[in-house]
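Below are some remarks on the model, set out as numbered points for a colleague who has the coordinates open. They are meant to be read beside the structure.

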Amino acid sequence: MIWNRNKECMSRDEMSALQGKRLHKVVEYVYHNVPFYRDKMQQLGLIPDDIQTIEDITKLPFTTKKDLRDNYPFGLQAAPQSEIVRIHASSGTTGNATIVGYTRKDIAIWSECMSRCLTAYGVTRDDIFSVSYGYGLFTGGLGAHYGVENMGATVVPASTGNTEKHAKLIRDLGITGIACTPSYALYLAETIDRMGIKKEDLKLKVGAFGAEPWTENMRKEIQERLGLKGYNLYGLSEVMGPCVSYECKCQHGSHICEDHFYPEIINPVTLEPLPKGQTGELVFTTLTKEGMPVLRYRTRDLCALMEGECECGRTAVRMTSIKGRSDDMLIIRGINVFPSQVESVVLSMEEFAPRYMLIVDRVNNLDTLTVQVEIRQEYFEKALDTIGEIDALEKKLARKLQNVLSISAKVQLKEPNTIERSQGKSARVIDKRVLK
Ligand code: ADP
Ligand code: ZN
């Protein structure tokens with residue numbers, strides 16, 4: 001099923017024409033309503049009429065998270081306060097929160113795009129969907145909530161916390177879908193196990209997982225443990241919230257709602273646009289937003305736009321899964337290291353639970369990397385019985401990490417349930433170098 005065939009399956013020419021028209025309109029709108037954009041355009045000698053087609057977008061200046069912070073709280077808001085019906089804030093994973101205001105029309109478009117996502121996952125009006133992203137300033141909870149309601153499925157606003165009660169509701173109400181972070185999905189799976197609930201007692205079919213990077217191995221683990229199919233859901237508050245892109249049944253990249261959010265991929269160092277297929281920093285321009293439109297917003301998320309058409313029939317361009325954030329990238333002894341690389345190694349070994357932590361330090365001017373990983377309960381008991389087993393396991397993981405990361409890491413195995421659980425986005429890196 002496709003929620004909005006008109007928009008999701010447009011021909012490339014039609015889509016480009018629509019994007020160009022909308023781009024011109026939004027540029028004109030911010031030029032007259034946001035001094036920040038007007039100043040930036042004037043510095044480049046640009047007026048709104050210079051922007052007529054979607055290709056003209058490269059003439060426009062970039063916007064960064066710092067610009068949003070410098071203009072805190074309402075400096076980039078384009079609509080008058082009387083038109084703003086809701087405010088959210090980014091979760092501040094990498095610093096202070098940024099404030100985003102939405103008009104009634106923005107909320108309607110958000111719900112529409114969220115309905116596209118859910119329909120692509122196979123959700124229908126017959127489903128009972130639990131939203132377990134945090135409700136509140138974070139866009140995850142309310143964003144997904146309105147989407148479920150908009151498409152006519154039943155929403156259960158479970159939010160995070162109180163996981164035992166939630167697990168019971170999932171069983172008792174026959175909840176068929178859940179939206180949450182992949183880390184919360186695992187936490188939920190552990191809780192369900194602990195409570196003695198079997199996955200056969202549950203009716204879960206679909207998971208809408210996002211808000212943090214996750215790997216294919218993580219997907220397998222969650223699917224196996226909760227007995228559902230996990231789909232990617234991507235978004236960010238500066239652009240809208242969850243709904244910016246979504247996987248379809250083909251699960252080969254996530255379709256972008258590109259009639260509303262225009263994507264580009266740039267080289268994060270030179271800021272030059274990169275050709276389709278190359279990995280770089282994802283940049284979005286909102287084409288229809290009224291509250292706080294953004295021009296060429298640098299997400300710092302690293303991925304590629306995919307070429308070719310999708311078998312599902314949607315023509316909307318797809319993005320690969322997020323490899324990490326350009327600011328998530330650790331440079332250890334001169335080598336680029338992403339937490340997701342460690343995750344894929346840890347999850348490829350059945351002895352380990354998907355719980356890990358990277359600790360980076362500098363000792364005698366030399367960078368060090370320590371990877372802490374939790375052993376699964378069943379292996380832990382076995383390992384304790386066999387002398388040398390833990391040691392051998394540490395060595396095995398260290399060897400695999402060295403192969404993938406090209407630098408050596410010290411491995412510290414931890415007992416089951418000792419690495420802190422997260423219900424929202426998980427923090428997986430402690431970089432002690434920045435504190436020194
Ligand atoms: P922040 O975490 O920057 O304070 P948000 O709460 O708006 O602000 O989170 C948006 C960010 O979350 C994205 O820029 C991206 O880094 C991450 N994110 C969201 N969805 C996904 C996803 N499906 N896969 C990977 N990363 C995601
Ligand atoms: Zn598709």
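**Notes on the predicted model**

1. The largest cavity has a lining made up of Leu68, Asn71, Tyr72, Pro73, Phe74, Gly75, Leu76, Thr98, Ile99 and Met292. This is a predicted model, and the points that follow should be read as statements about that prediction. The space in the largest cavity comes to about 50 Å³, and its lining divides by class into seven nonpolar and three polar residues, with no charged residue among them.

2. Two of the lining residues of the largest cavity, Tyr72 and Pro73, deserve a look at the backbone, since the peptide bond that joins Tyr72 and Pro73 is cis, with omega at about -5°. Pro73 itself is placed in the loop between α4 (65-70) and β1 (84-89). For context, most peptide bonds are trans.

3. The structure holds two cavities of 30 Å³ or more, and the second largest of them encloses about 30 Å³ of space. Its lining is formed by Ile109, Met240, His260, Phe261, Thr286, Leu287, Thr288 and Lys289. By class, the lining of the second largest cavity comprises four nonpolar residues, three polar residues and one charged residue.

4. Turning to open space, the second largest pocket has a volume of about 360 Å³, and of the 18 residues in its lining, Tyr262, Pro263, Glu264, Lys276 and Leu305 are the closest to its centre. Both α2 (12-33) and β10 (261-266) contribute at least two residues to the lining of the second largest pocket, and the largest share, four residues, is supplied by β10. The classes represented in that lining are ten nonpolar, three polar and five charged residues.

5. Which protein atoms serve as donors to the zinc ion (ligand 2)? They are Cys248 (SG), His255 (NE2), Cys310 (SG) and Cys312 (SG), at 2.1 to 2.3 Å from the ion. The four donor atoms make angles of 104 to 114° with one another, and the site of the zinc ion (ligand 2) is tetrahedral. Along the sequence, the spacing of the donor residues follows C-x6-H-x54-C-x1-C. The pair Cys248 and Cys310 links distant parts of the chain, with their positions 62 residues apart: Cys248 is in the loop between β8 (242-247) and β9 (254-256), and Cys310 is in the loop between β12 (297-303) and β13 (318-319). Cys248 and Cys310 are both buried.

6. Leu397 belongs to helix α12 (residues 389-405). Its relative accessible area is 0%, so Leu397 is classed as buried. Leaving out residues up to four places away in sequence, Leu397 touches Val345, Met349, Phe352, Val373, Val411 and Leu413. Its C-alpha atom is separated by 51 Å from that of Val26, a residue 371 places away along the chain.

7. Is His166 buried or exposed? With a relative accessible area of 2%, His166 is buried, and its place is in helix α7 (residues 163-172). When residues up to four places away in sequence are not counted, the contacts of His166 are with Ser130, Ser132, Ala158, Ile178, Tyr184 and Leu188.

8. Ile197 is found in the loop between α8 (182-194) and β6 (206-210), and because its relative accessibility is 7%, Ile197 counts as buried. Apart from neighbours within four places in sequence, Ile197 is in contact with Ala167, Arg171, Ile192 and Leu202. Ile197 and Arg104, which are 93 residues apart in sequence, lie 42 Å apart in space from C-alpha to C-alpha.

9. Two backbone angles may be worth checking by eye. Ser159, in the loop between β4 (154-156) and α7, has a positive phi near 55° although it is a residue other than glycine. Ala211, in the loop between β6 and α9 (216-226), likewise is not a glycine and has a positive phi of about 80°. In general, most residues other than glycine have a negative phi. As for accessibility, Ser159 is buried, at a relative accessible area of 16%, whereas Ala211, at 26%, is partly exposed.

Note on methods:
Residues numbered from 1 in each chain as written. Chains lettered and ligands numbered in written order. Predicted model: local features only at pLDDT ≥ 70, side-chain atom pairs only at ≥ 80, totals over all residues. Heavy atoms only, no water. Donors = N, O, S within 2.8 Å, 3.2 Å for Na, K, Ca; no water. Tetrahedral: all angles 85-135°; square planar, octahedral: opposite > 155°, others 65-115°. Buried < 20%, exposed > 50% of the residue type's maximum accessible area, 1.4 Å probe, protein only. Contact = heavy atoms within 4.5 Å. 1 Å grid on protein atoms, 1.4 Å probe; cavity = no way out; pocket = protein on both sides within 12 Å on 5 of 7 lines; lining within 4 Å. Points joined across faces, edges and corners; volume = space filled by probe spheres on them. Nonpolar A, V, L, I, M, F, W, Y, C, P; charged D, E, K, R; others polar.
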